[in-house]
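Biologist: Please take a close look at one part of this model for me: the cavities. Start with how the chains fit together.

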Protein chains: 2
Amino acid sequence: MQSFEINKSDLLKLREALEGTDAGLEAVLQEYHSSEIAILFEKLDVEDRERIINILPADIASEVISEMDEEHNPGELLVGLDPEKRSEIVEELDYDDATDIISQLDEEDQQAILADIDQDDASSIRALLSYEEDTAGGLMNTDLIRVNIKLDKKHALDEVIRQSEEMEEFYTIYAVDDSDVLQGIVSVKNIIKARASAMVSDLMITDFVYVKVDLDQEEVASLISQYNLTSIPVVDDNMRLLGRVTVDDIIDVMEQENTEDILKISGVSEDEELSGNWQDAVKSRLPWLIINLATAFLAASVIRSYEGVEKDVPAIVAYLTIIGGMGGNSATQALAVTVRRISLSDLTDKQAYNTVLKEFLVGMTNGAVNGLIVLLFAFFYDANPMLGLVLFLAMTGNLIVAGLTGSGIPLILKRVGIDPAVASSIIITTFTDCIGFLLPLWLASKLLL
Amino acid sequence: MQSFEINKSDLLKLREALEGTDAGLEAVLQEYHSSEIAILFEKLDVEDRERIINILPADIASEVISEMDEEHNPGELLVGLDPEKRSEIVEELDYDDATDIISQLDEEDQQAILADIDQDDASSIRALLSYEEDTAGGLMNTDLIRVNIKLDKKHALDEVIRQSEEMEEFYTIYAVDDSDVLQGIVSVKNIIKARASAMVSDLMITDFVYVKVDLDQEEVASLISQYNLTSIPVVDDNMRLLGRVTVDDIIDVMEQENTEDILKISGVSEDEELSGNWQDAVKSRLPWLIINLATAFLAASVIRSYEGVEKDVPAIVAYLTIIGGMGGNSATQALAVTVRRISLSDLTDKQAYNTVLKEFLVGMTNGAVNGLIVLLFAFFYDANPMLGLVLFLAMTGNLIVAGLTGSGIPLILKRVGIDPAVASSIIITTFTDCIGFLLPLWLASKLLL
C-alpha cells in the first residue's frame, strides 16, 4: 500500500462524476477515505468542493474539512455552505479542529458560525479560541473521557462506553474528583479486569505526566516524545482537567518546528508561510539580506584595504572568491550538523567542547586537502609556487575558522538562551568571507611583495 | 511540568547515592521515571550504569535501556551484565527495541545474548533482525493483540485481556482467520458494547490501511500521518499479519528524516552521524567541498577572463564578492522554502509554476532594493555613478537568477525522480557565483571602458 497521491485516473473519475447526478457522485465518493477526498479537493474549484461537501454525510464532510490543508482555506468553504449543513458539520468536528479552522476566519464569520451551533459546543470552541495557538491550550482537544474517582467498576465502565460513543478513539481515561481536579489516569484494560467492588481510585495511576495549559507546544511535543505517550492531559493552575493533547497533533507540531529550523538556518524568517504570496516572502527575507549586505561591505573593505596586492599579483583576485566561498560552504556544513544536534538534545559542556574540537579537526583536514589542490593549480597554471603556499595556508586557515564558527556560534547562542538556528549561514559566512579575504591578502603582502 | 533536563542537583544526589549502599541508591532511583534515568546515564561512566541496571528490577531496567540514546551504546551495557540479569532484561524488552539494540552488536555477542533467553523470544528477535532497518519490517513490533474472527464476544474479550497482560498499551485489535491472514480491525469499545452472540467478524472493520513488510519507513510515516493512525498493521505478500508499527516509532523516523533533509540541503552526506567522529565527518563532507572547489574555479575563471576590467576599475573587485555572496544567500533562502515545501506535499504543475514565478518576483524586488543601496554607495563613496548603475543591474539580475535556480532546480530534480534536497546550497551557489561575477564584469566592460 502506498501513501495516497493524486493520480489522473482518480481525478478524471471524480471530474466525470461531477458532471453527472448527485447519486452517481455519491457512489464515486464512497470509494475514498475522507483524507483522500481532502487531497483531491486541492484540484477542484470552490463550487465543486461545496457540492461534494453538501452531498457527503455530515460526519464524513467534517473529516474532509478537518483534513484539508490550511492553505486551501477550509474556513472559507464552511462560510460558503448553507447554514444548516454548516452547523451539522461544525458540531461533528473535534473541538480542536473546529477551533483551528474557525480561528482563520474574521470575527464576524466566527460569530455567525458559533451562533448557529449547539451552545455547549460553541462555548467550548470559544474557550479554545482564547488560548494562544502555539501552546498546550491551543493544541488540546476538550473531547476526552473523564470518570469520577468514586465510581465503582460497573458505573465507570458504563460511563466510559457512554462517553466514547461520540469519540473516534481514546487512549486513556482521566480520573477526576468532584471539583474536576485531575487525580489519576486509568486504562480500559484495568477497568475491565478489576473486581466488581473496585473503585476508580483503586485502579488509577497517580504518577503521570501532565502539562499546564500555557506551556509552549514545542515542550509538549518533547514530553510526548520523551515519555512515549499517546496523549497528555492539560490542566489549569489548580490542576483542573481542561483537555488532552494527542500524539497525532504532535506530528503536525514536529513538522512545523522542523520547517522553522530549516528556514531559520537558511536566513528566512521562521514564520514565512511556505505557500504564502511573494510580497510576504520579501518582507520575511529582505531584512536578512540587508544585514548580509552590511557584512558583505565589511568583508569587501578588507579587499579595498589591500589594493596594492591586487595590482602586483592580479591572479590573487580570482582565488579570493574561491577561498571565501569554500569557507562559507564548510561553515554551512558545520552549522547544519551542530544546530540539528542541539535541537535533538541538550549538550553538556564536555560534549560542546568535543563538538568544537571535532569541527576544528574536520576544518583543518578539509582545508589542507582543498588547499593542496589550489596550491598545485597556482604552481602549474600561474607558475607561482609562493602564491601557491599563500593560498594553501589561507585555505586551511579559513576552513578552520569555518569549523570553529559553524559549531561554536550556535553553541554559544544556546548557552545565552538564544535560538541557535538564528546563527544562520548568512551570519556565519560573514566570518568566513572576512577571514577568507584577509588571510590570502595579508599573507601575500608579507610573502609576495 | 517541563521536559526533564539534567540539572546539577539531580546528578549530585545520584552521584552521592552511588557512593553509598545499594538500598540508598535504590531509594533515590525510585524518584525517577525510566526515561529520566536514561538521560542521567549520559553523565555516568560504564561501571555506575551497570551497577544501577543491576539494582533496578528487570522491567524498569529494560525500559531504561530501551530509552538510552544509540550513541551511548545500550548494547555494550547489556553485554557487560551478568548473563542471568541480562536475559531477564532482554525478555522484558519489546521485540522491536531488543532488535534495535542487539543489531548494534557484533555477530558473536548477538548469538550469546539470544542463546540465553527464552527461545520463542529469540526466534522472534532473529526474524526481526532479518528485515532491513529502514523498512516497515525493521520498524515493526511483533507484540500485538490478535483474535480469531470466529470468536464470540466473551471469548474475544478474554483473549484481549489475556494478551494485553504482557503489553504496555495497545490501540487496535487485529482480527485474523485460521491461516493468520489479516481480515479486519476491531476496537475494544466495539467488543465491550457488542451483544453476547456477536462474533469478531461482525464487529470488525474490513476497510483499513496496512503496509507490506518491505515498504520504506518514510512511506509508513507518511501513511500514519496522513490517515491520523495510532498504529498500522504490517503484512507479508499473502496478507499474513506480521506485526504493527506504532505512532511513537514514527516520531523517531520523522526526526531522522528531518535531520537528513537539513544535512543534505547544507551539503553534508545524509548518513553522517551527528555525534560521529571527525574522520567520518571528513569522509562525508570532503566530496561535496571538492565538487564545490571545481565549480569555484569555474566562477573564478570568469574573473580571470575580464582581467582588463579590474585594472581600469579596481573598485569593482570588492563589489564582485558582494554581488556573488548576496546571490548565494538569496538562493539559499529560495532553496530552503522550496525544498521544505516539496517535502511536505507534492506540487502540481501549476503550483510548481507559481512557485518559480513567486521566487522570480521576490528575487527581483530584493535585488532592486539591495542594488539601490550598492548604487548609492558607488555614487557617494566611489563617486562613480556609472559603476553604480552597473552594480544595480548586476545585483538585480543575480538575485533573479538566485530565485529561479533556488526554486527551479529542486523542482526539476523532483520531477526526474532525484531527491530535491541534494540541490544543496553548494550546488545552487555555483550559479549565483558565476552570474554574480559575470554580470558586473560584462556590464562594466560594455558601459565603463
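Modeller: The copies meet through the same surface, because 100% of the interface residues of chain B are also interface residues in chain A (contact means heavy atoms within 4.5 Å). This is a predicted model, so local features need pLDDT of at least 70 and side-chain atom pairs pLDDT 80 or more, while totals for chains, interfaces and linings use all residues. Residues are numbered from 1 along each chain as its sequence is written, chains are lettered from A and ligands numbered from 1 in the order written, and side-chain values use heavy atoms, without hydrogens and water.

A turn of 180 degrees, with a shift of 0.0 Å along the axis, lays chain B on chain A with an RMSD of 0.2 Å (least squares on C-alpha atoms with pLDDT of at least 70 in both). That is the relation of a two-fold axis.

Now the cavities. A search of the whole structure finds six of 30 Å³ or more (on a 1 Å grid over the protein atoms alone, a cavity is a set of points where a 1.4 Å probe fits but cannot get out; lining residues have an atom within 4 Å of a point).

The largest cavity has a volume of about 470 Å³ (the space filled by probe spheres set on the points, which are joined across faces, edges and corners). It is lined by 28 residues. Nearest its centre lie A:Gly325, A:Asp433, B:Gly324, B:Gly325 and B:Asp433.

Helices from both chains build this lining (DSSP runs of H or I, at least four residues, numbered from the N terminus). In chain A, α17 (278-305), α19 (316-344) and α22 (425-447) each supply at least two residues. In chain B, α17 (278-304), α19 (316-344) and α22 (425-447) each do so too. The largest share, eight residues, comes from α19(B).

By class, the lining of the largest cavity has eight nonpolar, 18 polar and two charged residues (Ala, Val, Leu, Ile, Met, Phe, Trp, Tyr, Cys and Pro are nonpolar; Asp, Glu, Lys and Arg are charged; the others, Gly among them, are polar).

The second largest cavity has a volume of about 70 Å³. Chain A lines it with Ile265, Ser266, Thr332, Leu335 and Ser425. Chain B lines it with Ile265, Ser266, Thr332, Leu335, Ala336 and Ser425. Here α19 of chain A and α19 of chain B each supply at least two residues. The largest share, three residues, is from α19(B). The lining of the second largest cavity divides into five nonpolar, six polar and no charged residues.

Definitions and conventions. 1 Å grid on protein atoms, 1.4 Å probe; cavity = no way out; pocket = protein on both sides within 12 Å on 5 of 7 lines; lining within 4 Å.
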